Amino acid sequence: AKAAGKNRYLRFHPDMMTALIQRTDMEAGLQLAIPRREISVAFQPIVSPRMGQVVQVEALARWDRYGERIPPSVFVPMAERSGLISEIGAEVMALSLVQLAPWLKEDLSRSVAVNVSGVQLLEPDFASRVLSLAEASGVGAYQLVLEVTESVFFDADCSLIQQLSSLREAGVRVALDDFGTGYSSLGRLQDLPVDTVKIDKTFVSMVRTGAERLPILSSMINMAHSLGLTVTAEGVETVAQADYLTALDCDSLQGYLFSLPETGARLELAVQQAQEA
Ligand code: C2E
Ligand code: CA
Ligand code: CA
Ligand code: CA
């Protein structure tokens, strides 16, 4: 056994070793991120062009590790593999509800959207925990949106579908994130228990001058509307994109054109500016 171990070691390039140590180190650090209060939430305004108002914000997890910001594209997959995403997701939801409660209570048509990983939906008490978090913060369940990607439905068991339906019965809405990037998008949409689709930014970035014909964008929006769903476009960076999507009757817009994700006091400013953009 010892010889085999040694052999395996030899095939290990020093760079791989460094990368492995760094990753293991980061994974260990992620375990401590919540107790050390290194996890925070940034909020990005979502604008309704019809009302010229910020109607929703999306909560995005942030991890500051010893002053260095680790992007979610790095730590979210890591947390999904280790199962830590359940704790992080719960923390993000709790922080979001507490921080936004005053803003949400001011106008009951406002809502907060939180990203939910497929791993979380496998917990048998996920739905009841979400509902008690909302109740504890005094925020209505109908002011909460859960963003999931199409992949959670691939091998969805009945428990997952049950959790989502009991949440939706309580008024929580479900949004299909990154819409258009999955395999079966348009055809399967009518079978999915969702209220909103979020058109992925790769489609929005196809709008460059605003003069092009993009039947794929209008099909996505029309299809969603014909199924009674609302449509949010993400990654809106230019006025041409905002105008194009508004002309296609897109219900809400999100992107750097209106605001970056912002924390704390800067959020209030961001909401005002997004409204004026
Ligand atoms: P997402 O849910 O698709 O979130 C949108 C991402 O696009 C965010 O990146 C946001 O900052 C970025 N974005 C917003 N507007 C624009 C724009 O105009 N142009 C461009 N190019 N990008 C824009 P972020 O915050 O780095 O998050 C990346 C991903 O990490 C999220 O993608 C989501 O899948 C995941 N994530 C973030 N927070 C959480 C969380 O609390 N739980 C889970 N499960 N996943 C999370
Ligand atoms: Ca999202
Ligand atoms: Ca997305
Ligand atoms: Ca994404």
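1. A polar contact is a pair of N or O atoms within 3.5 Å; within protein, one atom must be able to donate a hydrogen and the other to accept it, and residues adjacent in sequence count only if both atoms are side-chain atoms. Ligand 1 offers examples. One of its oxygen atoms is 3.3 Å from an N or O atom in the side chain of Glu58. A nitrogen atom of ligand 1 lies 3.0 Å from such an atom in the side chain of Gln44. For Glu237, the distance from a ligand 1 nitrogen to a side-chain N or O atom is 2.5 Å.

2. A word on the basis. This is a predicted model, where local features need pLDDT of at least 70 and side-chain atom pairs count only at pLDDT 80 or more, while totals for chains, interfaces and linings use all residues. Residues are numbered from 1 along each chain as its sequence is written, chains are lettered from A and ligands numbered from 1 in the order written, and side-chain values use heavy atoms, without hydrogens and water.

3. Which residues are closest to ligand 1? They are Arg62, Asp177, Lys201, Glu237 and Tyr256, out of 21 that surround the ligand. To be near, a residue needs a heavy atom within 4 Å of the molecule.

4. Next, the calcium ions. Donors are N, O and S atoms within 2.8 Å of the metal, or 3.2 Å for Na, K and Ca; water is not among the atoms, so sites may look incomplete. The calcium ion (ligand 2) has protein donors from Glu58 (OE), Asn115 (OD1), Glu147 (OE) and Asp177 (OD), at 2.1 to 2.4 Å. Their spacing in sequence is E-x56-N-x31-E-x29-D. Asp177 also bridges this ion and the calcium ion (ligand 3), and the two ions lie 4.0 Å apart.

5. Glu147 in strand 5 and Asp177 in strand 6 link distant parts of the chain, 30 residues apart. Helices (H or I, at least four residues) and strands (E, at least two) are DSSP runs, numbered from the N terminus. Are Glu147 and Asp177 buried or exposed? Both are buried. Buried means under 20% relative accessible area, exposed over 50%, and partly exposed in between (1.4 Å probe, protein chains only).

6. The calcium ion (ligand 4) takes its protein donors from Asp178 (OD), at 2.6 to 3.1 Å. Asp178 sits in strand 6. This ion is 5.7 Å from the calcium ion (ligand 2).

7. Now the pockets. On a 1 Å grid over the protein atoms alone, a pocket is an open set of points where a 1.4 Å probe fits, with protein on both sides within 12 Å along at least five of seven lines; lining residues have an atom within 4 Å of a point. The largest pocket is lined by 35 residues, and Glu58, Leu60, Pro72, Asn115 and Asp177 lie nearest its centre. Elements that each supply at least two lining residues include strand 2 (53-65), strand 5 (144-149) and strand 6 (173-179).

8. The second largest pocket has 19 lining residues, with Trp103, Glu106, Arg110, Glu268 and Val271 closest to its centre. Helix 12 gives the most to this lining, with 6 residues.

9. Finally, two backbone points. Arg37 is not a glycine, yet has a positive phi of about 60 degrees. Arg37 is in the loop between helix 2 (14-33) and strand 1 (39-48). Tyr66, also not a glycine, has a positive phi of about 50 degrees. Tyr66 is in the loop between strand 2 and strand 3 (68-70).
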